[in-house]
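Hi everyone, thanks for coming. Let me put today's structure up on the screen, and then we'll walk through it together.

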Amino acid sequence: ITSMSNKIVFITGASAGIGEACAEVFARAGYNLLLAARRINRLEELAARLEEAYGIDTHLLALDVRNAEDVFSSFSNLPGSWQQIDVLVNNAGLSQGLDPIHEGDVGDWDRMIDTNIKGLLYVTRAVAPIMAARQQGHIINIGSIAGKEVYPNGNVYCATKHAVDALTKGMRIDLLHQHIKVTAIHPGMVETEFSEVRFKGDKQRAAAVYQNLEPLIAADIAEAVWFVASRPKHVNINDMLIMPTIQASATLVVREN
Ligand code: NDP
Ligand code: 8X3
């Protein structure tokens, strides 16, 4: 990894999982980090560790991406230099529940739609105008295999990730003339806090998702994000679908190692 000091990556959902792993990879490459999540204490621990390890600068935002006003005011209140984002990783997201549509919880639906679709839009709307003014930048959206396929009881989560897929394509078209690259990375099963969040803290049910399987780890996705972000100016990776070797499709057609 080559050093790229003075560049800034903005990672949403950096307090755990894929976002946290992305922070590590970009710090190692010499990027300064603008990190957002609701759990600020986790961001503080991560930032202290990465500053110490890599000598980079960090700036933290305690932010719920569902709150449009907070997203816009947090971003516009940043010191000017921290608004000059080179790479935005729209990673904050979650699943809630795994119920058939006729038994779905409306609160779960709202949380997924508000975070995965609307939150991603708010953050993009805050960041992209400055990228456009600078005529440079790269937006990397974390989609999912659930944005390419639909699996039993995945209904609304899959719909939100299909929306991320469509928005990525729309952003790429709209931002082409602003010299902003847009990419989507779509992971299959990654062992993070994702299932614990989906099952609302039920660690046993979450662990069962990965039992006797070899899922991806967060660093696998972070390395792909870095690969995409570090291509030469004339190259854009539009779309990347990354699966654990044992996972053939979203419907968990798997073999046990
Ligand atoms: P984790 O639960 O480990 O991490 C999710 C991150 O998103 C946390 O940092 C969390 O921070 C943040 N987040 C959630 N809601 C909000 C919010 N309202 N405002 C700000 N931050 C928020 O899961 P993953 O790392 O696995 O998930 C990251 C992304 O990857 C998601 O978009 C997910 O859909 C996607 N993905 C995950 C896959 C998997 O199998 N794990 C596969 C495919 C895609 P905090 O709670 O502190 O706010
Ligand atoms: C997370 C992976 O297969 O649970 O997006 O939808 S999956």
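So, to kick off: is the crossing of helix 3 and helix 4 left-handed or right-handed? It's right-handed. Bear in mind as we go that this is a predicted model.

Let's stay with that pair for a moment. In general, you describe two packed helices by the angle between their axes and by how far apart those axes are. Here, helix 3 covers residues 68–76, and its axis comes within 9 Å of the axis of helix 4, crossing at roughly 25°. Angles under 35 degrees count as roughly parallel, so helix 3 and helix 4 are roughly parallel to each other.

And who's touching whom? On the helix 3 side you've got A68, V71, F72 and F75, and on the helix 4 side Y122, V123, A126 and V127. Sort that contact by class and you get eight nonpolar residues, no polar ones and no charged ones.

Okay, on to the ligands. Ligand 1 has 31 residues around it, and G13, G17, R38, R39 and G93 come nearest. By class, the shell around ligand 1 splits into 15 nonpolar, eleven polar and five charged residues.

Which helix gives the most to the shell around ligand 1? That's helix 1, with three residues. Helix 4, residues 106–134, turns up again here: helix 1, helix 4 and helix 6 each supply at least two residues of that shell.

Finally, ligand 2. Around ligand 2 sit S144, I145, A146, G154, M189 and A250. That shell has four nonpolar residues, two polar and no charged.

Conventions: Residues are numbered from 1 along each chain as its sequence is written. Chains are lettered from A and ligands numbered from 1 in the order in which they are written. This is a predicted model: local features need pLDDT of at least 70, side-chain atom pairs count only at pLDDT 80 or more; totals for chains, interfaces and linings use all residues. A residue is near a molecule or strand if its C-beta atom, placed from the backbone, lies within 6 Å of it. Helices (H or I, at least four residues) and strands (E, at least two) are DSSP runs, numbered from the N terminus. Ala, Val, Leu, Ile, Met, Phe, Trp, Tyr, Cys and Pro count as nonpolar, Asp, Glu, Lys and Arg as charged, and the others, Gly among them, as polar. Axes are lines fitted to C-alpha atoms, for helices over the stretch in contact, and angles run from 0 to 180 degrees between N-to-C directions. Angles under 35 degrees count as roughly parallel, over 145 as roughly antiparallel, 65 to 115 as roughly perpendicular and the rest as oblique. A crossing is left-handed if the near helix is turned anticlockwise from the far one by less than a right angle, and right-handed if clockwise. Two residues are in contact if their C-beta atoms, placed from the backbone, lie within 7 Å.
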